[in-house]
Amino acid sequence: MSFALTPLISLAGAAPVRVKMAKSSTVSSAEKLVESAMKGNDASHDAAHVFRVRDLALSLAREESLSSSPDSMEIVELAALLHDIGDYKYMRDSSEGKIVEEFLEAEGVDESKKIKILSIIKGMGFKEEVEGYADSKHSAEFGVVQDADRLDAIGAIGISRCLTFGGSRNNVLHDPSILPRSDLSKGQYMEKNKQTTMNHFHEKLLKLKDLMKTKAGQRRAEKRHKFMEDFLREFYEEWDGRS
């Protein structure tokens, strides 16, 4: 059994100590699966992204008072770790769409937990939000995992990921004659042809702050959103020769 380090805990009158929490074998196996399955992806959707989302999701879960339930925390951690395996943008073979379900079955994950994990992964994408999934009732675990993924899509990290992805697909960086699309359907959102990297900020990233499901996610999104707005203001001024 491996161990994960928790934040420093300070006891009254004592120096801070770091407590080791046992990491389940399933979580360890999931981490290895992430590193294997996402090897070769560009840095916008690599294992580092997944591990950041996992850490954010667990942090949000604690702020949302889910830490009193070990089952909830396990669902959050596994859903966050497995959420990008089989992503349609990187899928090389249709069989990759079954990797997560087969992994959970092989690990003997409880059926009720497996259903919740798969439901979170299936419904957390922006394309599902565009289709109206956001109107459906969602669990607390769903909220923290989705918010964590969206927090990693905005702010300094989000800007870096957006530019990295656009570059990996040889997308045009910016073309003032190509306007951002509005009121996108799921199909239109998934169709990336003739869209610029900068338009992605307007079609998706700038909308995420107002789509956060948890109070903790909303608080964190404010700072990251403002950073993006400042970046875009400077970018367009430099593009137009005004700065």
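**Figure 1. Overall fold of the predicted model.** Along the sequence, the protein chain runs β-β-α-α-α-α-α-α-α-α-α-α-α. The model is predicted. Its secondary structure amounts to 11 helices and 2 strands. The protein chain has 243 residues, of which 43% count as buried. Take the contacts between residues at least 6 apart in sequence: 64% of them join residues at least 24 apart.

**Figure 2. Surroundings of His45 in the loop between helix 1 and helix 2.** Helix 1 spans 25-37 and helix 2 spans 47-63, with His45 in the loop between them. The relative accessible area of His45 is 12%, under the 20% cut-off, so His45 is buried. Two polar contacts of the His45 side chain are shown. One, of 2.7 Å, goes to the side chain of Ser44. Another, of 2.9 Å, goes to the side chain of Tyr90. Neighbours within four places in sequence aside, His45 is in contact with Met38, Asp84, Asp87, Lys89, Tyr90, Arg161 and Phe165. Tyr90 thus appears both in the contact list and as a polar partner of His45.

**Figure 3. Tyr90 and Phe165, an aromatic pair.** The count of aromatic pairs comes to 5. In one of them, the ring centres of Tyr90 and Phe165 lie 6.4 Å apart, and the planes meet at 70°; the angle is over 60°, so the pair is edge-to-face. This pair links distant parts of the chain. Tyr90 is in the loop between helix 3 and helix 4 (99-106). Phe165 belongs to helix 8 (residues 155-168), 75 residues away in sequence. Both residues are buried. Tyr90 has a further partner: the charged end of Arg169 sits over the Tyr90 ring, 5.1 Å from the ring centre. Both members of the pair are also in contact with His45.

**Figure 4. Phe231 and Phe235 in an aromatic cluster.** The rings of Phe231 and Phe235 form a tilted pair, 6.1 Å centre to centre with 40° between the planes. Both residues are in helix 11 (residues 215-239); they are 4 residues apart, so about one helical turn separates them. Their accessibility puts them in separate classes. Phe231 has a relative accessible area of 23% and is partly exposed. Phe235, at 15%, counts as buried. The two belong to one aromatic cluster with Phe201, Tyr236 and Trp239.

**Figure 5. Helix 11, its bend and its packing.** Helix 11 has 25 residues. From first C-alpha to last it reaches 36 Å, close to the 36 Å expected at 1.5 Å a residue. The helix bends by about 30° at Ala221. Ala221 is also among the buried residues of helix 11. The others are Ala216, Gly217, His225, Met228, Leu232 and Phe235. The buried residues of this helix pack against helix 2, helix 7 (140-151), helix 8 and helix 10 (197-203). Just after helix 11 comes Gly241, with a positive phi of about 75°.

**Figure 6. Leu78 in helix 3.** Leu78 lies in helix 3, which covers residues 70-82. The relative accessibility of Leu78 is 0%, so Leu78 counts as buried. Setting aside neighbours within four places in sequence, Leu78 is in contact with Thr26, Val27, Ala30 and Ile117. Glu31 is 47 residues from Leu78 in sequence, and their C-alpha atoms are 9.2 Å apart in space.

**Figure 7. Positive phi at Ser65 and Asn170.** Most residues other than glycine have a negative phi. Ser65 has a positive value, near 65°. Its place is in the loop between helix 2 and helix 3. At 53% relative accessibility, which is over the 50% cut-off, Ser65 counts as exposed. Asn170 is not a glycine either, yet has a positive phi of about 55°. Asn170 is found in the loop between helix 8 and helix 9 (186-190). The relative accessibility of Asn170 is 72%, so Asn170 counts as exposed.

Note on methods: Residues are numbered from 1 along each chain as its sequence is written. This is a predicted model: local features need pLDDT of at least 70, side-chain atom pairs count only at pLDDT 80 or more; totals for chains, interfaces and linings use all residues. Side-chain values use heavy atoms; hydrogens and water are left out. Buried means under 20% relative accessible area, exposed over 50%, partly exposed in between (1.4 Å probe, protein chains only). A polar contact is a pair of N or O atoms within 3.5 Å; within protein, one must be able to donate a hydrogen and the other to accept it, and residues adjacent in sequence count only if both atoms are side-chain atoms. Contact means heavy atoms within 4.5 Å. Rings of Phe, Tyr and Trp (its six-membered ring) pair if their centres lie within 6.5 Å; planes under 30 degrees apart count as stacked, over 60 as edge-to-face and the rest as tilted. A charge sits over a ring if NZ of Lys or CZ of Arg is within 6 Å of the ring centre and within 35 degrees of the ring normal. The expected span of a helix is 1.5 Å times one less than its number of residues. The bend at a residue is the angle between axes fitted to the seven residues ending there and the seven starting there.
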